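Student: Hey, I've got a new structure open and no idea where to start. Can you walk me through it?

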Amino acid sequence: MIVAEFQQLHQFLVEQERLLLAQLEKLDEEIVKLQTGVLRKLSAQISRLSELIEELEGKCPKPASEFLQDVRSTLSRYL
């Protein structure tokens, strides 16, 4: 009787382990999807900021009043 109970408990634990590992795998997949989405968004933001920096650097040689006006309109498009 003790051996039978031990076998039942062992089988129960094996099944629980299988279920928990499956849940862990699903969570891991969800985390990877979230990370990919965040990385994609960050990459897009970095790209936009690089374009903004490049555009502003091109406007630096202009006179101060013209530069400031251009900067204001440039920033309004990016914000």
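Tutor: Sure, let's go through the helices and a few residues; keep in mind that this is a predicted model.

Student: Okay, helix 2 first. How far apart are its end C-alpha atoms?

Tutor: They're 21 Å apart. That agrees with what you'd expect, because 15 residues (64-78) at 1.5 Å a residue should span 21 Å.

Student: And which residues of helix 2 are buried?

Tutor: D70, V71, T74 and Y78 are buried there. Looking down the axis of helix 2, the buried residues fall within an arc of 105 degrees, so they line one face of the helix.

Student: What do those buried residues pack against?

Tutor: The buried residues of helix 2 pack against helix 1. On the other side of helix 2, you'll find S65, L68, R72 and S76 exposed.

Student: Switching to helix 1. Is E54 buried or exposed?

Tutor: E54 lies in helix 1, which covers residues 2-59. E54 counts as exposed, because its relative accessibility is 60% and the cut-off for exposed is over 50%.

Student: How far is E54 from L24 in space?

Tutor: They're 44 Å apart, C-alpha to C-alpha, with their positions 30 residues apart in sequence. For another pair, Q7 and E30 are 23 residues apart along the chain, and their C-alpha atoms are separated by 35 Å.

Student: What about L39, buried or exposed?

Tutor: L39 sits in helix 1 and counts as exposed, at 58% relative accessibility. Together with V38, L42 and I46, L39 makes a nonpolar surface patch of about 390 Å².

How values were computed:
Residues numbered from 1 in each chain as written. Predicted model: local features only at pLDDT ≥ 70, side-chain atom pairs only at ≥ 80, totals over all residues. Heavy atoms only, no water. Helix = DSSP H or I, 4+ residues; strand = E, 2+ residues; numbered from the N terminus. Buried < 20%, exposed > 50% of the residue type's maximum accessible area, 1.4 Å probe, protein only. Patch = residues over 30% accessible without salt bridge, like charges linked within 9 Å, V, L, I, M, F, W, Y side chains within 5 Å. Areas by Shrake-Rupley, 256 points an atom, 1.4 Å probe, with all protein chains shown as cover. Salt bridge = Lys/Arg side-chain N within 4 Å of Asp/Glu carboxyl O. Expected span 1.5 Å × (residues − 1). Arc of directions from axis to C-beta. Contact = heavy atoms within 4.5 Å.
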